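Let's practise reading how helices pack against each other. Have a go at each task before you look at the solution.

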Amino acid sequence: MTTADSSAHTYTGIDDLLVELSDGVLSVTLNRPDSLNSLTFPMLSGIADALEAAASDSRVKAVRLGGAGRGFCSGAGIGDDDQAQKNVDGPASVLDAANRAVRSIVNLPQPVVAAVHGPAAGVGVSLALACDVVLASEKAYFMLAFTKIGLMPDGGASALVAAAIGRIRAFRMALLAERISAADAYDWGLVTAVHPADEFDAKVDEMVTTLVSGPAVALRKTKHAINAATLTEFEGALGREREGQLTLLSSPDFLEGITAFHQRRPAKFSDS
């Protein structure tokens, strides 16, 4: 989808990522509903392309990031098709694309609203928490599921989650891979607000409208100041996660984790 205004950047999506600019709002929608919007290399690159362009586009007043179907984002895909794509692109390139996408949200001057109406897992949590306002439906949940397949959180999660909820709760999410309900996520400070499912879209629209009609320069300076104060380890986290994840992706435990996932059985890790 593209904008009608050809005088500036034209936003172009792909089948799996819908991008549209309308009335000052850049809507970016993950569009793989059959896999709860699991992420591919082209999707991650498309998110970054759109937001990096938006950073210097005066028409964009706010960004809305959401997902099609019943989920927000189930993380990087681990299905057979997704793994084949990863083998083509290489694990480092996929990690780098994820880091670039998350970085583009954090660094974007304009405010970004995450509309989390369903499950957010893996790097999907990173995408949501990179946003400045995180709205959750009562049906949503958050889960750092990495250790279930022998991996570690990535996409800046080690910084973004800890900055939002503190060290101990971040460990609880990252080490135990627990599913955190929308209600608990709100109590912990992981999300901005939780709304009933039948009111969710309207509440998201209200929030986006408030931001679009707000003082743009003040909002941008506020975002920069708060991120500079609270995400001091963000870039360091991306680097540490990349190094650790590349090691883990070549480990026997990851192979066992993926095999167990496809066979629908508990993994038997060897710690080797």
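**Exercise 1.** In this predicted model, work out whether the crossing of α3 and α4 is left-handed or right-handed, then find which residues make the contact.

*Solution.*
Step 1. Look at the handedness: α3 and α4 cross in a right-handed way.
Step 2. Now the geometry. Helix α3 covers residues 91–107, and its axis comes within 8 Å of the axis of α4, with a crossing angle of roughly 20°.
Step 3. Angles under 35 degrees count as roughly parallel, so α3 and α4 are roughly parallel to each other.
Step 4. Pick out the contact. From α3 you get Ala98, Ala101, Val102, Ile105 and Val106, and from α4 you get Val123, Ser126, Leu127 and Ala130.
Step 5. Sort those residues by type: eight are nonpolar, one is polar and none is charged.

**Exercise 2.** Now try α4 and α5: at what angle do their axes cross, and which residues make the contact?

*Solution.*
Step 1. Find the helices: α4 spans residues 123–130 and α5 spans residues 157–165.
Step 2. Their axes come within 9 Å and cross at roughly 55°.
Step 3. That angle makes α4 oblique to α5.
Step 4. Check the handedness: α4 and α5 have a left-handed crossing.
Step 5. List the contact. On the α4 side sit Val125, Ser126, Leu129 and Ala130, and on the α5 side sit Ala157, Leu160 and Val161.
Step 6. Sort again: this contact has six nonpolar residues, one polar and no charged ones.

Definitions and conventions. Residues are numbered from 1 along each chain as its sequence is written. This is a predicted model: local features need pLDDT of at least 70, side-chain atom pairs count only at pLDDT 80 or more; totals for chains, interfaces and linings use all residues. Side-chain values use heavy atoms; hydrogens and water are left out. Axes are lines fitted to C-alpha atoms, for helices over the stretch in contact, and angles run from 0 to 180 degrees between N-to-C directions. Helices (H or I, at least four residues) and strands (E, at least two) are DSSP runs, numbered from the N terminus. Angles under 35 degrees count as roughly parallel, over 145 as roughly antiparallel, 65 to 115 as roughly perpendicular and the rest as oblique. A crossing is left-handed if the near helix is turned anticlockwise from the far one by less than a right angle, and right-handed if clockwise. Contact means heavy atoms within 4.5 Å. Ala, Val, Leu, Ile, Met, Phe, Trp, Tyr, Cys and Pro count as nonpolar, Asp, Glu, Lys and Arg as charged, and the others, Gly among them, as polar.
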